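User: Could you go through this model with me? I would like to start with some local contacts and then move out to the overall fold.

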Amino acid sequence: MRLCSTTRQHCSTRWRRWAYATVQHDAPALFDTVAAKATRQVGRLNSLDVAQVVWSFAEARRSASRRVLPTQCGPMRLCSPALFDALAGRFASLRKQWTPKVCSDVAWGYATLRHAAPELYATIAEFAATRMGRFSAPGLAALLWGVGKVGQEAAPLLDGAAPLLAASVGALSNVQLQQVAEAYVMAGREATELFAAITVE
């Protein structure tokens, strides 16, 4: 099984991994295999590949965490330090390929996995702060929650995003609105207009 996005086999694996994570179906053998292969083949992945691996493992872990203690990784190999350290380094090296979507997915994923990657978060926050208008409202909400969850200092990003999100609260689900509020509370940033819009919504 290759993980390079240029192969048909990788595409099959990518969608299988995404499908199992999305339907919240435990597939230990699949995720164990992906973790082992991805650690060895990380140098072949592009930014989208990295984001999809991180998102899939994070979604699977989120599902597993409903059945185990929050401090546990669950029944699958969802907290592999070697894998996620390698993926963080690879993603950082591919900045020219970054899009708002992959940045949101990676930020949300690492926070959900509770895997520390401070340098990566600092770079993502810097990238996003100058491109906020290109993020969808849900994508921006996921990014801010991820940044806030790991305690990353990102005042310019949070302050700049507040008016954009205040004007887009109708595009956010209740869960996403809660995540936005949590992001500002965790960071200790004031966002009066945004919180007023969330309250009205």
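User: Leaving aside its neighbours within four places in sequence, which residues is Ala88 in contact with?

Analyst: Ala88 is in contact with Tyr110, Ala117 and Leu120 once neighbours within four places in sequence are left aside, where contact means heavy atoms within 4.5 Å. This is a predicted model, in which local features need pLDDT of at least 70 and side-chain atom pairs count only at pLDDT 80 or more, while totals for chains, interfaces and linings use all residues. Residues are numbered from 1 along each chain as its sequence is written, and side-chain values use heavy atoms, with hydrogens and water left out.

User: Where does Ala88 sit, and is Ala88 buried or exposed?

Analyst: Ala88 lies in helix H4, and helices here are DSSP runs (H or I, at least four residues; strands are E, at least two), numbered from the N terminus. With a relative accessible area of 11%, Ala88 is buried; the cut-offs are under 20% relative accessible area for buried, over 50% for exposed and partly exposed in between, using a 1.4 Å probe and protein chains only. The C-alpha atom of Ala88 is separated by 8.4 Å from that of Val50, 38 residues apart along the chain.

User: And Ala38, how far is its C-alpha atom from that of Leu87?

Analyst: The C-alpha atoms of Ala38 and Leu87 are separated by 8.4 Å, with their positions 49 residues apart along the chain. Ala38 belongs to helix H2, residues 28-41, and counts as buried at 0% relative accessibility.

User: OK, back to H4. At what angle do H4 and H5 cross?

Analyst: The axes of helix H4 (residues 81-93) and helix H5 (residues 100-113) cross at roughly 155° and come within 12 Å, axes being lines fitted to C-alpha atoms over the stretch in contact, with angles from 0 to 180 degrees between N-to-C directions. That makes H4 roughly antiparallel to H5, since angles over 145 degrees count as roughly antiparallel, under 35 as roughly parallel, 65 to 115 as roughly perpendicular and the rest as oblique. On the H4 side the contact is made by Phe84, Leu87, Ala88 and Phe91, and on the H5 side by Val102, Cys103, Val106, Tyr110 and Leu113.

User: What about H5 against H6 and H7, at what angles do they pack?

Analyst: H5 and H6 pack at about 145° with their axes 11 Å apart, through Cys103, Val106, Ala107, Tyr110 and Ala111 of H5 and Leu120, Tyr121, Ile124 and Phe127 of H6. For H5 and helix H7 (residues 137-149) the angle is about 35° and the axes are 8 Å apart. The H5 residues that meet H7 include Cys103, Ala107 and Trp108, and the H7 residues include Gly139, Leu143 and Gly146.

User: Changing topic, which residue has a positive phi although it is not a glycine?

Analyst: That is Arg114, with a positive phi of about 55°. Most residues other than glycine have a negative phi. Arg114 is in the loop between H5 and helix H6 (118-129), and at 53% relative accessibility Arg114 counts as exposed.

User: His115 is found in that loop between H5 and H6 as well; is His115 buried or exposed?

Analyst: His115 is buried, with a relative accessible area of 12%. Beyond the neighbours within four places in sequence, His115 is in contact with Pro81, Phe84, Asp85 and Tyr110.

User: And Ser47, what does it touch?

Analyst: Not counting residues up to four places away in sequence, Ser47 touches Phe91, Leu94, Gln97, Trp98 and Val102. Ser47 lies in helix H3, residues 47-64, and is buried with a relative accessible area of 4%.

User: Zooming out, which residues touch the most other members of the largest nonpolar core?

Analyst: Leu87, Tyr110, Tyr184 and Leu194 do, in a core of 59 residues; a nonpolar core is a set of buried Ala, Val, Leu, Ile, Met, Phe, Trp, Tyr and Cys residues joined through side-chain atoms within 4.5 Å. Not counting residues up to four places away in sequence, Tyr184 touches a set that includes Leu144, Leu158, Arg189 and Phe195.

User: Last one: how many helices and strands are there in the protein chain?

Analyst: The protein chain has 10 helices and 0 strands, and buried residues make up 48% of its 201 residues. Of the contacts between residues at least 6 apart in sequence, 70% join residues at least 24 apart.
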